[in-house]
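User: Please take a close look at the salt bridges in this model, and then at its internal cavities. I should like to know which side chains pair, where they sit, and what lines the enclosed spaces.

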Amino acid sequence: MESRHLFTFLVVVETGSFTRAAQKLDYAQSSITAQIQALEAEFGLPLFDRIGKKIILTDAGRRLLPYAQEISKIHDMAKNALLPEADMAGSLKIGAPESLAAFRLPEVIRAYRLRYPQVQIILKPGQCWETREMVRSGELDVAFLLQPESEDRDLHMETLVQEPMALVAPADHPLKHETEVLPLHLKDQTILHTETGCTYRTLFEHYLNSHGVFPDPNLEFWSVEAIKQCVMSGLGLSFLPLVTVRTELKEGKLVKLPWNDESQRVATQLAYHRKKWRSPALAQFIEMVQSQAKVWRAEAAL
């Protein structure tokens with residue numbers, strides 16, 4: 001059995017067509033057919049049912065599929081293990097919520113790109129539950145999650161930094177003079193929300209609701225930058241990760257209200273699949289993230 005026949009089998013499964021597989025592999029269609037027939041002759045079983053223009057995996061094809069995928073992974077591991085760092089290539093698909101994509105990842109991605117320019121970086125912003133599921137399904141190689149610390153049976157979850165939160169207001173807001181801002185202080189305040197499903201928004205709202213405070217849900221923003229601009233203009237208050245507002249606080253454009261965030265604390269966690277092969281590109285990225293996390297933890301402690 002030739003490994004290239006198994007790779008061809010995988011491409012036919014992926015594309016759902018002998019014709020499209022031939023186009024993707026730059027083979028003649030007769031070559032694709034011959035390779036699949038060679039596999040079927042070796043196993044003594046048909047791997048595809050040909051129904052009109054459609055091809056469907058037979059029971060034998062479905063049983064072969066996970067083994068072909070594993071052989072393909074081992075082949076790639078052997079190939080990449082022999083590549084010098086300078087020749088490291090491939091792609092890295094990363095998921096992260098907007099706040100981390102904008103305020104935690106640029107520095108580590110920049111450093112990674114300088115070191116490994118051949119690796120294609122694909123950054124997909126999304127809510128934590130969404131990117132977590134995409135790591136689980138294999139659509140993403142790695143995700144950064146901003147949520148209460150958690151574990152997962154399928155995913156390796158590593159806490160990188162505990163993220164302090166901040167209830168921010170315009171610089172001249174009267175609540176900045178309070179010794180401690182309590183939920184009841186916010187009863188008549190306008191709260192600018194991040195998107196529905198955002199972990200720290202949900203924690204904040206649940207906390208306020210438990211104290212009988214129900215903010216108007218009609219002011220919702222996708223962009224943290226838009227929220228900050230609206231808060232600075234006096235439109236309302238917002239509850240955001242401290243890392244996203246450090247510059248504005250330092251410049252006096254926003255003020256951090258004395259708010260107890262103990263029940264609403266979140267952490268930046270790194271997530272990747274326990275069973276998915278870690279390519280050299282992914283392994284090096286994880287190593288650089290772990291190193292950068294030391295800087296993040298030092299900043300968060302200030």
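Analyst: The account below treats the salt bridges and then the cavities. The model is a predicted one, and side-chain atom pairs are counted only at pLDDT 80 or more.

Side chains of opposite charge can pair when their charged atoms come close. Across the whole structure, the search yields 20 salt bridges. Three of these pairs are described here in turn.

One of them joins arginine 63 to aspartate 59, with 2.2 Å between the closest N and O atoms. Both residues belong to helix H4, which spans residues 59–81; because they are four residues apart there, about one helical turn separates them. As for solvent contact, arginine 63 has a relative accessible area of 47% and is therefore partly exposed. Aspartate 59, at 44% relative accessibility, is likewise classed as partly exposed, since that class lies between the limits of 20% and 50%.

Another salt bridge pairs aspartate 152 with arginine 132, where the closest N and O atoms are 3.2 Å apart. Aspartate 152 sits in the loop between strand S5 (142–147) and strand S6 (155–163), whereas arginine 132 is part of helix H7 (residues 128–137), so the contact ties together parts that are 20 residues apart in sequence. Aspartate 152 has a relative accessible area of 10% and is therefore buried. Arginine 132 is buried as well, its relative accessible area being 14%.

A further salt bridge brings together the side chains of aspartate 141 and lysine 276, at 2.8 Å from N to O. This pair links distant parts of the chain, 135 residues apart: aspartate 141 lies in the loop between H7 and S5, and lysine 276 in the loop between strand S10 (266–273) and helix H11 (280–300). The burial of the partners can be stated for each. Aspartate 141 is buried, with a relative accessible area of 11%, while lysine 276 is partly exposed at 27% relative accessibility.

Salt bridges that share partners also form one network, whose members are Arg132, Glu133, Arg136, Asp152, Arg153 and Asp154. The pair of aspartate 152 and arginine 132, at 3.2 Å between the closest N and O atoms, has both of its residues in this network.

Turning to the enclosed spaces, the structure contains two cavities of 30 Å³ or more. The largest cavity holds about 100 Å³ of space. Its lining consists of 14 residues, and those nearest the centre are Pro97, Ser99, Glu195, Cys198 and Tyr200. Helix H5 (98–103) and helix H8 (199–210) are the elements that contribute two or more residues to this lining. Sorted by class, the lining of the largest cavity comprises seven nonpolar, five polar and two charged residues.

The second largest cavity holds about 50 Å³ of space. Its lining is made up of Ile191, Leu192, His193, Thr194, Tyr200, Arg201, Phe204, Ser238 and Phe239. At least two residues of this lining come from H8, and at least two from strand S8 (238–241). H8 gives the most, with three residues. By class, the lining of the second largest cavity has five nonpolar residues, three polar and one charged.

Tyr200 appears in both descriptions: it is among the residues nearest the centre of the largest cavity, and it also lines the second largest cavity. Helix H8 likewise supplies residues to the lining of the largest cavity and to that of the second largest.

Notes. Residues numbered from 1 in each chain as written. Predicted model: local features only at pLDDT ≥ 70, side-chain atom pairs only at ≥ 80, totals over all residues. Heavy atoms only, no water. Salt bridge = Lys/Arg side-chain N within 4 Å of Asp/Glu carboxyl O. Buried < 20%, exposed > 50% of the residue type's maximum accessible area, 1.4 Å probe, protein only. 1 Å grid on protein atoms, 1.4 Å probe; cavity = no way out; pocket = protein on both sides within 12 Å on 5 of 7 lines; lining within 4 Å. Points joined across faces, edges and corners; volume = space filled by probe spheres on them. Nonpolar A, V, L, I, M, F, W, Y, C, P; charged D, E, K, R; others polar.
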